Protein chains: 2
Amino acid sequence: MTSLEKLVGSTDNGDNRNFGVDFVIHQLIPAQERTEAEAAFIQLIETLTKVGLATEVRAGSDNSLLIFTKIASWDFLAQQVYRSRLQDWLNGLRSSAPEREIRRALEDEPVTEAERSRIVYLLITKPQNDGGAGITPGNGQWRYIRSILPLHDHNFNKAWIKKWGQKYLLNQDDLDEIRDKFGEGVAFYFAFVQSYFRFLLFPSAFGLFAWLFLGKFSYFYALVNCLWSVVFFEFWKQKEVDMAVQWGVRGASRVQLPRPEFKWEYEAEDPVTGEPIKVYSPMKRIKTQLLQIPFALACIVVLGGVVVTCNSLEVYINEMYDGGGKAVLGLIPTILLSSLIPAFSAVLMKGAEVLTQWENYQNKDAYNAALIQKQFVLNFMTSYMALLFTLFVYIPFGEILIPFLNFWHSTAQVVSFNENPLPAKEFKINPARISGQMFYLTITAQIVSLLTQVVVPYVKRQVFAEAKKLSSKDTTPAVQDRPEEHEFLKRVRKECELEVYDVSTDYRQMVIQFGHLSMFSSAWPLAACCFLVNNWVELRSDAVKIAIGSQRPIPFRADTIGPWLTALGFLSWLGSVSSAAIVFLCGGSTDHERGTMSHISAWGVLSSVFLAEHFYFLVQMAVRYFMSKFESYGQQKERKERFLIKKRYLEETLGQGVAEQAATPGLTHGEKITREALEEQEREASIKGHASPEDLFWQRQRGVQETITVGRSMIEKAVTEKGASKPAQPSPRA
Amino acid sequence: MTSLEKLVGSTDNGDNRNFGVDFVIHQLIPAQERTEAEAAFIQLIETLTKVGLATEVRAGSDNSLLIFTKIASWDFLAQQVYRSRLQDWLNGLRSSAPEREIRRALEDEPVTEAERSRIVYLLITKPQNDGGAGITPGNGQWRYIRSILPLHDHNFNKAWIKKWGQKYLLNQDDLDEIRDKFGEGVAFYFAFVQSYFRFLLFPSAFGLFAWLFLGKFSYFYALVNCLWSVVFFEFWKQKEVDMAVQWGVRGASRVQLPRPEFKWEYEAEDPVTGEPIKVYSPMKRIKTQLLQIPFALACIVVLGGVVVTCNSLEVYINEMYDGGGKAVLGLIPTILLSSLIPAFSAVLMKGAEVLTQWENYQNKDAYNAALIQKQFVLNFMTSYMALLFTLFVYIPFGEILIPFLNFWHSTAQVVSFNENPLPAKEFKINPARISGQMFYLTITAQIVSLLTQVVVPYVKRQVFAEAKKLSSKDTTPAVQDRPEEHEFLKRVRKECELEVYDVSTDYRQMVIQFGHLSMFSSAWPLAACCFLVNNWVELRSDAVKIAIGSQRPIPFRADTIGPWLTALGFLSWLGSVSSAAIVFLCGGSTDHERGTMSHISAWGVLSSVFLAEHFYFLVQMAVRYFMSKFESYGQQKERKERFLIKKRYLEETLGQGVAEQAATPGLTHGEKITREALEEQEREASIKGHASPEDLFWQRQRGVQETITVGRSMIEKAVTEKGASKPAQPSPRA
């Protein structure tokens with residue numbers, strides 16, 4: 001039995017051992033609903049046992065129970081792994097079916113921690129008619145369950161953080177390690193950041209060069225930047241496939257986890273598999289999806305309004321107001337922005353969630369993608385609106401701000417209680433404003449975000465824990481821990497309180513950063529350098545966040561960065577447009593400082609944007625064509641796998657010889673066949689007595705030699721009879 | 001034997017019988033090179049016999065030989081069919097391997113005429129190391145071979161033409177018939193024209209409506225037209241896949257026929273299959289491909305120059321010249337255009353061919369695609385340049401034509417030998433000019449093209465035959481025909497003289513027509529009506545062309561309309577841009593007639609083009625999204641096939657029960673396993689004497705009942721001890 005135990009990834013590892021626990025289910029026992037909670041607990045244990053999981057219960061902190069589960073026997077786990085792989089093959093994730101003999105299958109491909117953990121998680125959460133326990137935290141009968149979490153492997157985490165802190169670049173092994181531990185979902189994030197980081201080296205170097213020698217608003221920089229973003233995007237699309245093939249998860253996004261909240265209209269039979277499927281009319285969903293249009297408009301109006309208001313106020317204070325307290329007043333717009341935007345954002349985010357729920361997706365991935373898409377609209381507004389406002393309103397049409405400025409001026413007049421008119425400078429458009437904003441965003445904002453991401457949560461955790469200790473003595477569990485389990489249970493209770501790690505937050509940050517680079521870095525070419533430094537730290541701080549700040553992530557599979565890929569493509573395209581606008585509007589610079597911005601021709605902006613966009617499309621086509629000419633590692637691997645499987649199948653069923661013949665058909669014994677066949681047919685004809693016209697036609701010349709002889713006589717005759725009559729030149733059939 | 005004979009498609013059919021001939025090889029015997037030709041003939045017969053083909057030789061007309069071939073025996077043919085299907089499966093064209101027993105395989109899927117013919121053709125032409133005879137007409141040792149042709153089935157052809165002449169719309173059966181007879185390559189063309197024809201009904205009706213009620217240059221018409229072209233394009237992309245799945249040729253374009261002219265640099269081992277492959281560096285090819293850019297520029301300059309010259313002359317004569325002989329002079333530009341354009345085109349077409357040969361493609365499809373792409377640039381210029389000139393030069397910038405017009409005026413002055421200055425009207429831009437051109441193109445040009453396609457070749461054939469009869473008496477073959485074969489041989493000799501059918505000529509016509517519709521029909525909304533009528537006739541006249549005017553096509557396979565799809569997409573996109581320009585430049589009309597065209601703002605055109613283009617992208621995205629939500633017939637069929645095969649495989653190898661479990665895993669006897677496993681582990685632990693901490697942890701609660709009891713006691717304790725202390729609200733794990 002021990003050897004099977006090893007094969008399915010037993011994880012007993014020294015001091016920080018997790019006692020072989022696969023998952024902890026954290027159930028609350030609200031005092032008022034004790035009876036229901038107790039009933040739910042009993043049902044939970046029974047259901048888990050029924051699907052083949054062993055359970056132990058311990059007391060949690062704060063009126064809660066910790067239910068520990070693991071798969072009851074190695075044999076059963078091995079069987080589950082085998083079945084999961086078989087289903088992967090049925091779903092087209094694997095090109096070969098797993099070995100028929102289970103033990104050999106596991107020896108050939110050992111089970112990683114992530115695979116084991118994923119299988120157990122699915123066993124707990126899959127619907128009951130799908131062979132799982134159907135436990136959905138927070139829903140229906142399972143509403144007392146707060147979370148289902150795997151336990152951290154602290155030894156691994158320590159080594160991980162230490163190792164990453166000591167190296168500049170990650171390599172494939174590092175990513176493989178993450179994948180084996182936390183699954184492909186998380187590993188794909190790190191792989192993406194790592195690729196992005198490497199790719200940033202070029203624009204960093206070139207940005208530095210541009211900053212030193214070309215200055216801001218350089219055509220050449222914008223062009224190179226656009227090219228770079230296209231290459232990066234196309235590269236990643238291919239890299240993603242390669243990674244997925246290497247990790248054996250290509251096609252994983254086709255295998256969908258059902259959403260327990262999905263409401264279906266009727267059940268129908270799948271026309272392909274004949275199984276009953278739940279149907280919700282796609283037309284109905286599309287109708288609901290149309291609500292996204294007013295939603296997007298609302299976002300634009302609300303957030304846009306805030307941005308325009310605050311920005312015009314800022315412009316007034318910085319560039320027109322000339323009274324006292326300018327330093328203090330200068331903070332007002334920033335304070336306003338940083339309090340209003342999050343407030344409105346939160347409301348709209350909620351709206352996005354509600355809208356996505358209405359859209360009633362059948363599976364989790366579709367739901368997440370739809371939600372992320374809507375959130376992206378919001379992120380887009382909050383991250384880029386101020387810059388876009390400067391670029392497309394303030395710089396070209398500064399004059400239309402004058403009513404706003406006058407409004408602020410009169411407001412200031414009123415607020416100041418001053419009878420004398422407030423002094424005001426003449427309003428002049430300052431095209432360098434956009435560079436200032438970019439500077440603020442890349443330096444200040446990155447530092448702030450780093451603090452809020454790493455330092456604040458840490459402090460929060462400390463303070464929270466302290467507060468808990470002080471405020472109530474009853475966080476200690478109801479039942480005394482056994483001494484040998486005490487440390488372990490303390491740790492588990494702590495992990496239960498941690499936040500759930502959501503990889504999409506981290507993706508969002510990177511994608512928004514990419515947008516800043518592709519859209520606005522022409523205004524401040526050093527941006528890429530800052531991003532490079534930031535991302536080095538970011539990668540490590542994300543690791544720390546996972547290892548210390550969050551519950552251990554459930555190792556879901558993924559074969560792509562999903563909706564973020566679309567976002568990247570969109571930003572890369574928009575980059576071509578906005579870079580062109582920046583260069584045209586802000587460049588050709590010295591004029592602007594003399595305030596002669598009014599003569600910028602709309603025709604000029606539009607045509608440079610138009611040209612840039614089509615340059616972008618052209619470059620994209622060229623890069624795609626170029627890349628399609630070379631077979632990537634992953635494509636080759638996939639092709640090889642397919643080829644080997646088919647070859648094996650052929651050999652198995654048809655025998656060695658035939659397989660080779662089919663793969664590279666050699667010469668066959670045509671001559672023999674022909675002779676025999678002809679002779680046979682001849683015989684047949686003579687036996688029958690009355691040969692058909694067809695048989696007669698084909699027996700005119702008996703055998704090859706006769707054909708040749710007849711042909712030669714024809715040639716001779718033709719030539720001798722007609723002498724030098726000129727034949728038509730041979731022209732080949734196309 | 002007879003039953004196998006039927007299975008592989010014996011084709012003996014009454015009066016117009018072809019004596020079971022699969023292919024005729026037409027070899028010339030130039031009198032001067034008699035010895036070489038004779039040697040080649042002997043080699044030909046020997047090579048054919050060696051690969052399993054039976055041969056008969058007869059005299060051809062004009063110093064040539066007709067070598068008739070068929071597969072020597074039914075058994076051998078059956079074996080070849082089986083092998084070809086096996087290779088299809090290896091190449092991923094089929095989802096299931098053919099039945100292992102050959103006879104059953106042929107019973108399950110009977111051999112069509114097209115399949116049989118294709119297999120024999122490949123046997124004749126495939127390289128020798130690939131199991132074929134390696135006969136490449138016109139190349140090297142086979143330079144005396146003029147063509148390899150299958151023979152027409154005249155009974156079928158007659159019935160076909162008659163049937164199609166009597167129905168309005170073709171249905172799937174008609175297309176299937178074509179496919180079984182002439183292969184998927186030709187069938188795809190008819191399927192495309194048929195779909196296009198059906199789709200044309202809408203713009204015809206709407207165009208008529210627009211012509212009656214909206215007039216020319218209507219925004220609304222342009223919008224609807226753009227939408228229609230997007231929908232048609234996306235529809236066809238899906239339809240194409242459906243057809244390919246239905247005909248079992250999906251993936252056929254991946255199986256490539258090698259080009260005999262390909263020159264490789266070195267041989268390498270395929271990293272996947274281990275077979276030797278011939279390599280030509282893709283980088284080198286890409287470098288050669290870059291020559292396309294100067295080539296395209298040359299096309300634009302040369303053809304553009306001719307168009308500008310002739311058009312400005314025409315403008316001068318029609319709109320400025322006021323002297324005598326206007327009617328006669330008006331013909332000059334047309335004559336010039338229709339003599340110069342074909343002349344220059346021919347040279348450039350030759351250039352395109354040479355360039356494509358330099359690019360040195362490894363297989364025929366890639367070569368054809370590259371050639372068609374270059375030819376398309378030329379077709380584009382000759383078909384649309386005049387209209388684009390009117391749209392983007394004459395209408396907005398008519399003034400820049402004035403130097404040209406003055407040049408023509410002074411030329412006319414000199415030529416007329418008239419001392420008095422020639423009378424001239426004032427030059428006025430006439431925006432309706434583009435409508436006139438469209439009218440000419442759709443009505444006149446379509447009629448002309450129809451004539452040149454059907455009537456001219458017919459007359460040519462008649463005259464040619466007559467001339468031949470008169471000029472030389474020696475077209476009669478050197479050897480007298482046997483009376484029972486005389487009619488047949490006469491027919492074969494005639495078919496040898498016919499042209500090779502090239503489907504790309506027909507595609508070109510349709511695609512160029514689609515371009516006229518999508519790009520310029522806003523100027524003359526009735527265009528679609530004309531195209532509808534034209535295409536009804538076209539479809540039939542193409543059938544006539546194949547049946548009577550050409551050699552029977554070799555039934556190549558295809559799973560797409562190939563490079564024409566790209567061309568369609570390109571024209572559909574360009575349509576959005578050019579329609580917007582037409583509407584903006586020519587619409588808002590009454591002004592123009594008063595000659596106040598000078599104030600058209602470039603800004604206006606550019607912004608409407610910009611908007612239209614992005615509207616196009618948006619619509620395209622929406623249509624694609626919408627269509628992706630519904631599984632098409634072909635996709636479903638493919639999914640079903642895959643599913644069934646895997647299911648069968650599972651059942652075969654694992655037994656019925658397991659297959660069902662894997663497909664829809666039901667509940668397993670978890671309880672039993674758990675109990676047994678726990679007990680076993682317990683026993684193990686006690687035997688060992690020293691249980692590990694992990695074992696101890698999991699044996700704290702023996703069995704489910706104890707876990708439940710312990711949990712209940714914890715709940716009780718917690719609640720009673722802490723009374724009404726408020727627990728945290730359950731918040732589900734996301």
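Reader: What makes up the area that chain A exposes?

Author: Chain A exposes about 33900 Å², with 61% supplied by carbon and sulfur atoms. That's a Shrake-Rupley area with a 1.4 Å probe (for residues, only the protein chains shown count as cover). It's a predicted model: local features need pLDDT of at least 70, side-chain atom pairs count only at pLDDT 80 or more, and totals for chains, interfaces and linings use all residues, while side-chain values use heavy atoms, leaving out hydrogens and water. Residues are numbered from 1 along each chain as its sequence is written; chains are lettered from A and ligands numbered from 1 in the order in which they are written.

Reader: How much of chain A is called buried, and what makes a residue so?

Author: Buried residues make up 49% of its 734. Each falls under 20% relative accessible area (exposed is over 50%, partly exposed in between; 1.4 Å probe, protein chains only).

Reader: What does F190(B) touch?

Author: Its contacts (heavy atoms within 4.5 Å) include W160(B), L175(B) and I546(B), not counting residues up to four places away in sequence.

Reader: Why are β2 and β4 of chain B said to stand at the edges?

Author: The open sheet runs β2-β3-β1-β4 (chain B), paired antiparallel. β2 (53-59) and β4 (145-149) each have a single partner strand, so one side of each has no neighbour in the sheet. Strands here are DSSP E runs of at least two residues, while helices are H or I runs of at least four, both numbered from the N terminus.

Reader: How do you know that β2(B) pairs with β3(B)?

Author: Pairing takes at least two DSSP bridges, and seven join β2(B) to β3(B), residues 64-71. So the pair qualifies. One of the bridges links A54(B) to K70(B).
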